Amino acid sequence: MTRELPVDVGGYLRGELRAIEAALERAVSRIEARTDVPAAEADAIRHGVTTGGKRLRPILCVTAYAACGGQRSAEAYDLASSVEMIHAYSLMHDDLPCMDDAELRRGRPTTHITHGEAITTRAGAILIPLAAIQALSATRALGCDEGRARAVARLLMRAAGAGGMVGGQWVDLLGEGQALGGGELDTLHHMKTGALLAVALEMGAVAAGASQAVRQGLLEYGRAIGLAFQITDDILDATATAEVLGKNPSDVVLEKSTYVALYGLAEARQRAQVEVDRAVRALESAHMDSPELNALARFVVERGR
Ligand code: GRG
């Protein structure tokens, strides 16, 4: 059901990526200039935050902000990059030996390999409050009042917490070696991956002063592309090489329940497409005519890494 849309998604992503990388560089430079962050932790943060990610979450945030009438500006990219700071910390911690024990990410040694476990643990934890503060100050800088700025920062922290990403990771770790059913897998991934993807969109919408109906539409879009993203992640883990992925496929090694193991490759692909269609319908229901968001929904399942 996805229509062919007049968006060169590759060109769009490259342009947005440049602006996000610049915002992340600003954020990391500010952290390096702080006197309360030791140099070793700041360097680990630089390693974990800069270079190599697709930057999908901040791109969704700024795309939603623009689709709701906001202007792209340095402050909008600062807001978007606060979501990526949470994502970056989660990957730094996820790769630790006590979690997924991964040595390769984004084609490079993981942060605990280059900087050690203790420094990486502290560096990741330092990023959490700094991301909240950046979300708050960037929303203020966009001209939002204090109430709205706090609401945006609160949304980010709630999605990152026990009812969202951290809770999902916990369920994921507990589920290693067990065969989860489809409903359980959906719940796990709505929390672990979907919450941060969806909140990126919601933060953009709230900062732009969008209506409740538009927020709801974006939330449904976010939940659907979150599942499509995770199903595609499982497909790539089962089919792509470490060279292409930039990390070692790990689902089989860690005995994780995956959509591919549960449904097989063909049905997993079908289910990802169903979620993309659901995402596009959510935009239509909210009367959101955003070629970029439509194209991003397609990108989520068509990506190669
Ligand atoms: C203490 C239980 C506990 C949790 C701490 C570590 C953690 C919090 C959460 C981890 C959650 C996690 C690893 C989610 C990642 C999901 C995912 C699909 C990551 C890959 O994202 P991409 O493809 O990566 O966007 P790039 O490299 O493009 O940024």
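Trainee: Before we get to the ligand, what counts as a polar contact here?

Mentor: A polar contact is a pair of N or O atoms within 3.5 Å. Keep in mind that this is a predicted model.

Trainee: Got it. So how far is the polar side-chain atom of His 87 from an oxygen atom of the ligand?

Mentor: That distance is 2.8 Å, so the pair falls within the 3.5 Å cut-off.

Trainee: And what about Lys 54 and Arg 57, how far are their side chains from a ligand oxygen?

Mentor: For Lys 54, a side-chain N or O atom sits 2.6 Å from an oxygen atom of the ligand. For Arg 57, the corresponding distance is 2.8 Å.

Trainee: How much of the ligand does the protein bury?

Mentor: The protein buries 88% of the 750 Å² that the ligand exposes when taken alone.

Trainee: Which elements give two or more residues to the shell around it?

Mentor: Those are helix H4 (74-94), helix H8 (165-175), H9 and H10. H4 has the largest share of the shell, 6 residues.

Trainee: Which residues come nearest to the ligand, and what is the class mix of the shell?

Mentor: Of the 20 residues around the ligand, the nearest are Lys 54, Arg 57, His 87, Asp 94 and Arg 106. The shell divides into 7 nonpolar, 7 polar and 6 charged residues.

Trainee: Changing topic: how many cavities of 30 Å³ or more turn up in the whole structure?

Mentor: The search finds 2. The largest cavity holds about 110 Å³ of space, and its lining includes His 47, Asp 95 and Arg 106. Arg 106 is also one of the residues that come nearest to the ligand.

Trainee: Which element has the largest share of that cavity's lining?

Mentor: H4 again, with 3 residues. Helix H2 (39-49) and strand E2 (108-109) also give two or more residues each. By class, the lining has 4 nonpolar, 4 polar and 4 charged residues.

Trainee: And the second largest cavity, how much space lies in there?

Mentor: About 40 Å³. Its lining includes Val 171, Asp 172, Lys 256 and Ser 257, and the largest share, 3 residues, comes from H8.

Trainee: Last one, pockets. What's the volume of the second largest pocket?

Mentor: About 260 Å³. It is lined by 14 residues, and the closest to its centre are Ala 159, Ala 195, Ala 198, Glu 202 and Leu 219.

Trainee: Which helix gives the most to that lining?

Mentor: H9, with 7 residues. Overall, the lining of this pocket has 7 nonpolar, 4 polar and 3 charged residues.

Key: Residues numbered from 1 in each chain as written. Predicted model: local features only at pLDDT ≥ 70, side-chain atom pairs only at ≥ 80, totals over all residues. Heavy atoms only, no water. 1 Å grid on protein atoms, 1.4 Å probe; cavity = no way out; pocket = protein on both sides within 12 Å on 5 of 7 lines; lining within 4 Å. Points joined across faces, edges and corners; volume = space filled by probe spheres on them. Helix = DSSP H or I, 4+ residues; strand = E, 2+ residues; numbered from the N terminus. Nonpolar A, V, L, I, M, F, W, Y, C, P; charged D, E, K, R; others polar. Near = heavy atom within 4 Å. Polar contact = N/O pair within 3.5 Å; in protein donor to acceptor, adjacent residues only side chain to side chain. Areas by Shrake-Rupley, 256 points an atom, 1.4 Å probe, with all protein chains shown as cover.
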